[in-house]
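Work through the exercises below with the model open. Try each task before reading its solution.

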Amino acid sequence: MKSYRKELWFNLPTRRGFVNITPDVEKCVKESGIKEGLCLVNAMHITASVFINDDEPGLHHDFEVWLEQLAPEKPYERYRHNGFEDNADAHLKRTIMGREVVVAVTEGKLDLGPWEQIFYGEFDGKRKKRVLVKIIGE
Amino acid sequence: MKSYRKELWFNLPTRRGFVNITPDVEKCVKESGIKEGLCLVNAMHITASVFINDDEPGLHHDFEVWLEQLAPEKPYERYRHNGFEDNADAHLKRTIMGREVVVAVTEGKLDLGPWEQIFYGEFDGKRKKRVLVKIIGE
Amino acid sequence: MKSYRKELWFNLPTRRGFVNITPDVEKCVKESGIKEGLCLVNAMHITASVFINDDEPGLHHDFEVWLEQLAPEKPYERYRHNGFEDNADAHLKRTIMGREVVVAVTEGKLDLGPWEQIFYGEFDGKRKKRVLVKIIGE
């Protein structure tokens, strides 16, 4: 069994944003030399997400509006977590979007459906944060 | 290490619906010959879900009502994604329900709790769609 | 390839609660002898969750308030599932929080980010319930 590990770093200029990391993860699979296995991609921070959906700007706008309805950023005082911090909403938004995805590796490639793209979801940006890619297989 | 891959195909006659796929996934585990490992089951489409919950029609009705409250299908114009399409709500509903499950394989069987059943969740049906089953182990 | 399996048991005195199980899972990784691999941690019950977030009491209070807004416990009659049972809300709350996490194992340890902690989330307690830890790797 082979294993591979890599950290992807991000520093978004905005509080919230989505980054398509599919090419980065595909590159990791290639580097790993693994032909058949499982690829875990997870946010290492608890106010960020890794998720799979469509790379379509209208949908990304819909996600932003929807997440603000389900877990509004303000007023900050609505959350008990916001004593020294102001990012309670980011913890909730990331819970909706998910921490991680597990993707099959088949014949040396990410085994994704036709429209599946892997995204880093940032909900408390303007700082350096990481995604972990771990692949095991043969 | 062994690996196994199979696609399960669906074509639901309705826009939304749940299908219990536990027997299909159990059959995959048997076919794989893998005794100890991990089994990934994921929707290959971004308006569908694979999730684990109870096989109880009352609960499935509750899920339908609840998801419509959290991410209503209509009016279609409420979503920017709905230019040429009308399925933005399906992307959001599937986000709540999740893309994938990872289930342990132990002694050649799915290692599920007493009430755990694996479901395909369709949120934009009336077309052919796929689920990927990938198993690795020994 | 090595594999390891363990059940963690819980019996919370309250209907809802969060338990930090990171030390228990870390102990499993040590016991397994696995240095590089993947660790699946999942609730074996469909009214409970395993999730990763911050070990901060204010945030846990915010989760409780937020989940009650998204999927209220009462009135029980609002859910069709609640014929002989009263726990439909627990099925929905656990759906938001997630069934499982997959964590990388690197150099014999859980490969977690600086604030990542693994929690058991109970939404229908006062009874014995289980979490499954399954680790594969080498």
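**Exercise 1. The interface of chains B and A**

How many residue pairs are in polar contact between chain B and chain A, with both at pLDDT 80 or more? Then describe the side of chain B that touches chain A by element and by residue class.

Solution.

Step 1. The model is predicted, and confidence enters the count. Between chain B and chain A there are 15 residue pairs in polar contact, both at pLDDT 80 or more.

Step 2. Assign the residues of chain B to elements. Two or more residues come from each of β1 (2–10), β3 (37–43), α3 (88–97), β5 (100–106) and β8 (129–137) of chain B. The helix α3(B) gives the most, with six residues.

Step 3. Sort the residues by class. This side of chain B has 15 nonpolar, six polar and eight charged residues.

Step 4. Add the area. Chain B and chain A bury about 2500 Å² between them, and carbon and sulfur atoms give 60% of that. Of the area that chain B buries against chain A, 21% is supplied by M1(B), I46(B) and R80(B), more than any other three residues.

Step 5. Set the two sides next to each other. Chain A puts 34 residues into the contact, and chain B puts in 29.

**Exercise 2. Charged pairs across the interface**

How many salt bridges are there between chain B and chain A? Find the partner of R5(B) in one of them.

Solution.

Step 1. Side chains of opposite charge can pair when their charged atoms come close. Apply the cut-off of 4 Å between a Lys or Arg side-chain nitrogen and an Asp or Glu carboxyl oxygen.

Step 2. The count between chain B and chain A is three.

Step 3. Look at R5(B). Its partner is D111(A), with the closest N and O atoms 2.6 Å apart.

**Exercise 3. The interface of chains C and B**

Carry out the analysis for chain C and chain B. What are the residue counts, the buried area and the charged pairs?

Solution.

Step 1. Count residues. The contact takes 29 from chain C and 34 from chain B.

Step 2. Take the area. About 2500 Å² is buried between chain C and chain B, with 61% of it on carbon and sulfur atoms.

Step 3. Count the polar links. Three salt bridges cross the interface of chain C and chain B. One of the charged pairs is R5(C) with D111(B), where the closest N and O atoms are 2.6 Å apart. Residue pairs in polar contact, both at pLDDT 80 or more, come to 15 across the interface of chain C and chain B.

Step 4. Locate the elements. β1 (2–10), β3 (37–43), α3 (88–97), β5 (100–106) and β8 (129–137) of chain C each supply at least two residues of the side that touches chain B. The most come from α3(C), which gives six.

Step 5. Sort that side of chain C by class. It divides into 15 nonpolar, six polar and eight charged residues.

**Exercise 4. The five-stranded sheet of chain A**

What is the strand order of the open five-stranded sheet in chain A? Why does one side of β1(A) and of β6(A) lack a neighbour in the sheet?

Solution.

Step 1. List the elements. Chain A has three helices and eight strands. From the N terminus, they run β-β-α-β-β-α-α-β-β-β-β.

Step 2. Order the strands. The sheet reads β1-β8-β3-β5-β6 (chain A), with antiparallel pairing.

Step 3. Find the edges. β1 (2–10) and β6 (109–110) of chain A each have a single partner strand, so one side of each is left without a neighbour in the sheet.

Step 4. Check one pairing. Nine bridges join β1(A) to β8(A), and these strands run antiparallel. Y4(A) has I135(A) as its bridge partner in β8(A).

Step 5. Place the helix. α1 (residues 22–32) of chain A lies across β1, β3, β5, β6 and β8 of chain A, at about 150° to β1(A).

**Exercise 5. A long-range pair in chain A**

Which parts of chain A does the salt bridge of R15(A) and D89(A) tie together?

Solution.

Step 1. Confirm the pair. The side chains of R15(A) and D89(A) meet in a salt bridge at 2.6 Å, N to O.

Step 2. Locate both ends. R15(A) is in the loop between β1 and β2 (17–20) of chain A, and D89(A) is in helix α3 of chain A, so the pair links parts 74 residues apart in sequence.

Step 3. Set the pair in context. Over all chains, the structure holds 54 salt bridges.

**Exercise 6. The three-stranded sheet of chain B**

Which strands of chain B stand at the edges of its open three-stranded sheet?

Solution.

Step 1. Take the order. It is β2-β7-β4 (chain B), with antiparallel pairing.

Step 2. Read off the edges. β2 (17–20) and β4 (48–53) of chain B each pair on one side only. The twist averages 30° from one strand to the next.

Step 3. Check a pairing. Four bridges join β2(B) to β7 (residues 117–122) of chain B. N20(B) stands opposite F119(B) in β7(B).

Conventions. Residues numbered from 1 in each chain as written. Chains lettered and ligands numbered in written order. Predicted model: local features only at pLDDT ≥ 70, side-chain atom pairs only at ≥ 80, totals over all residues. Heavy atoms only, no water. Contact = heavy atoms within 4.5 Å. Buried area = accessible area lost by both parts, 1.4 Å probe. Polar contact = N/O pair within 3.5 Å; in protein donor to acceptor, adjacent residues only side chain to side chain. Nonpolar A, V, L, I, M, F, W, Y, C, P; charged D, E, K, R; others polar. Pairing = 2+ DSSP bridges. Axes fitted to C-alpha atoms, helices over the stretch in contact; angles between N-to-C directions.
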